Each structure stands twice: as structure tokens, then as C-alpha cells.
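This report concerns the enclosed spaces and the ligand site of a protein model. The sequence and structure are shown first.

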Amino acid sequence: MRLEAAELRILELPLKFRFETSFGVQTKRTILLLRLFGEGLEGLGEGVMERLPLYREETVEGARYLLTEVFLPQVLGRDFPNPEALWQALSPFRGNPMAKAVLEMAFYDLYAKGLRRPLYQVLGGVRQAVEVGVSLGIQASVEATLQAVERHLAQGYRRIKLKIKPGWDYEVLKAVRQAFPEATLTADANSAYRLADFARLKRLDELGLDYIEQPLGYDDLLDHAKLQRELATPICLDESLTSKEKARKAIELGAGRVFNIKPARLGGHTESLKVHALAEAAGIPLWMGGMLEAGVGRAHNLHLASLPGFTKPGDVSSASRYWEEDIVEEALEAEDGLMPVPQGPGIGVRLKLPFVERITLWKGYVSVS
Ligand code: OSB
Ligand code: MG
């Protein structure tokens, strides 16, 4: 596939709900959107980094710089036989997986469209629908949390994940566990604890959580391994898992018994497939994470979640939960806790260009120099 030109945009899309985590509050998304052109086709990629480095280090402005000044000039005008070759072209540049993923995932979409096949078939996916749960932010009260859990269980979501932080953990989880003894329940700390908080974390063992997500440092493996040896509840890594190398070390250390895959956090689908293979060999169950994606990122995640290693419900819930209006024509909606994988060529969704135009804050073109 010969890459000819690219259009990069920054969009702003208001969320329908206030999403509070241990690291802050989100009320809107600032979204990098890449349209990558080659051989008469268009591939789409969506950034998940935010304006501020509160989840990991990457930012929208940092990624805009790298894409326009470094990564796109590196690949435009060149012919790549497959996504692995494109990934190799980016490999001299260290880190910055989320910025690389915008390009790598747009290329995968383009590549699959070139083959006239849905992306999930090209990736090795085996399912046409993906089991999903919801990620519920920190609510104003325990009562409000119970209502939110009840509403989402009634909609058929197959797992409830509650955001926690020190002081908003045991009591709220215990109340939800008592009200919904059969629910598949998990907690996500987004790195809000230290090993010194051991006693507080150990109390969660009595609540029958399916796992606790990223309790310790955002780049840590060693302390997670120490904590996992003392906890009955499986630890699931999210933030710390940014590459195949990190995954290999996490497995060797025993830093977690479950992995959350977000292709954007891993640099794209190529690296995600490698982590998928490592996890499968090590017997580690996977699930598809979410970063409040709009339609392009959500579609990419659904395709990858169709692979066999994704055995736990993902964070890919209905687009209408998040947005009054999405950036794609197709409605990505769950029914009875199942999200259908779009079936068109590539990611199988088309941009709603007039709407995208209306919410565009900045737009730039890069072409072969
Ligand atoms: O830790 O999984 C996370 C959203 C933004 C940043 C980090 C995380 C999340 C979510 C939301 O949990 C999942 C979603 O609904 O997209
Ligand atoms: Mg998480």
C-alpha cells in the first residue's frame, strides 16, 4: 500500500456524562483524527491521548507534533507491503505508542480496505459480536452508584467496573456487592495506591471482584508483582502495559493475572497481536479496554476484541452512552451486552464529515514533500 497524503484534525466532543476517576474529571474529549490516503482509499485512526498527561505521559499536542513533523513525513510517499513494515519504519523512534497508534491503526484500516475485507478478518478475529461491560466513574454518592449499576445491569451489560481511589473503595464496592451478589464486579484504581496501602487493598479480597485494575504506579511492574503475591483477587494491568516487552516482563514477574488491551496504548494492532500471543501462551485472559473513544477508535477496538484471547467483557459500550452525536454514520450499539463488530471493509464505519467539520478545532495536511 503506497501512502500518498494525510489529513490530521483536532476535534472537541462533549461527553453526555461527567467521568470522574482517581486522576481527574473528564467532561469532553479532545480527539486527534487522522485520515490517511493511499491508492484511492482512506484509512482512519483516532488518538486516545488527552490534553494533559494524567493517564500516561502522552498529550494531544505532543502527538500532533510527532505525527505532522516526524511520523507522517517518515512514511508518506513510501510503499508498505503490510502493517508490520510500517511498524518497522516507526521503530527507530522511542516510546510514544499512542501517537504511533494513530498512524498504525489508520494504516491497518487502509490495508484491510485494500484487501476488501473487514479488519477483524485480517487481524485473525473469530467473533462477529463482542461481550461488553461498562466502566462507571466515581459518583456523587453510594446511592447514585447503586442506581447507575442497576440501570446498566438492566441494559444487559455483562460486567460492572467501578472507578475507585483511597476513601472511595471498600464501602462503595461492598454496597454494590450486597445489592447485586451475582454481578461480575471489578474495580479500577488508575494507579491511586502505593504498596503502603496494602491493608486497604487486602480488604477488597472479601468482595469477590473479578479483578482489580492497575492499583499501583502507572509504569510499575515490580510492586504489582509483590502485591499480587499477597492478594487473592487477580490484578489486571492497564497503564503499565505499553509494549510486548512490558508484557513479557509482567508475565515473568507475575505482576498481574489478567491484561487489559488497549491497542492505542500499545502502539496499535501490530504490537497488540504480539501481546495477544504472549498472553495466550501464558494463560492470561484478556479484555478490551476503552478510552472514551468516538466511533473510529471504538470500531478499531471492536475488531481487535474479536480475537480468541479476549475472554472477559470489554469496556466498549454503546456509543449513545457517551455522545449526543458520534463522528461516524454507523450506530455502534450494544444489545444484551453484545456489541456487533462492523462488517464493511476495513473498520466498517464511515466519517460523518459535516459533523466532523463542525467540531474541528484545528486541521492540517501533510503530503509527500
Ligand atoms: O483506565 O480504563 C481506564 C477512560 C479514560 C482513561 C482510562 C480509562 C478509562 C475508562 C473508560 O475506564 C472506559 C470507556 O468507557 O471507554
Ligand atoms: Mg483502567
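In the residue classes used here, Ala, Val, Leu, Ile, Met, Phe, Trp, Tyr, Cys and Pro count as nonpolar, Asp, Glu, Lys and Arg as charged, and the others, Gly among them, as polar. The model is predicted.

On that scheme, the lining of the largest cavity divides into three nonpolar, three polar and two charged residues. The residues concerned are E46, V48, M105, A264, E293, G297, H300 and N301. Helix 11 (residues 295-304) supplies the largest share of this lining, three residues. The volume of the largest cavity is about 40 Å³.

In total, two cavities of 30 Å³ or more are present. The second largest cavity, of about 30 Å³, is bordered by L136, G137, I138, Q139, T145, L162, K163 and W168. Four nonpolar, three polar and one charged residues make up this second lining.

Ligand 1 occupies the space of the largest pocket. Around ligand 1 are 17 residues, of which S135, D188, N190, L292 and Y322 come nearest. By class, this shell holds six nonpolar, four polar and seven charged residues. Polar side-chain atoms of three residues, listed below, lie at short range from oxygen atoms of ligand 1.

| Side chain | Distance to an oxygen atom of ligand 1 |
|---|---|
| S135 | 2.9 Å |
| N190 | 2.8 Å |
| Y322 | 2.5 Å |

Taken alone, ligand 1 exposes 400 Å², and the protein buries 98% of that area.

How values were computed
Residues numbered from 1 in each chain as written. Chains lettered and ligands numbered in written order. Predicted model: local features only at pLDDT ≥ 70, side-chain atom pairs only at ≥ 80, totals over all residues. Heavy atoms only, no water. Near = heavy atom within 4 Å. Polar contact = N/O pair within 3.5 Å; in protein donor to acceptor, adjacent residues only side chain to side chain. Areas by Shrake-Rupley, 256 points an atom, 1.4 Å probe, with all protein chains shown as cover. 1 Å grid on protein atoms, 1.4 Å probe; cavity = no way out; pocket = protein on both sides within 12 Å on 5 of 7 lines; lining within 4 Å. Sits in = over half its atoms within 2 Å of the grid points. Points joined across faces, edges and corners; volume = space filled by probe spheres on them. Helix = DSSP H or I, 4+ residues; strand = E, 2+ residues; numbered from the N terminus.
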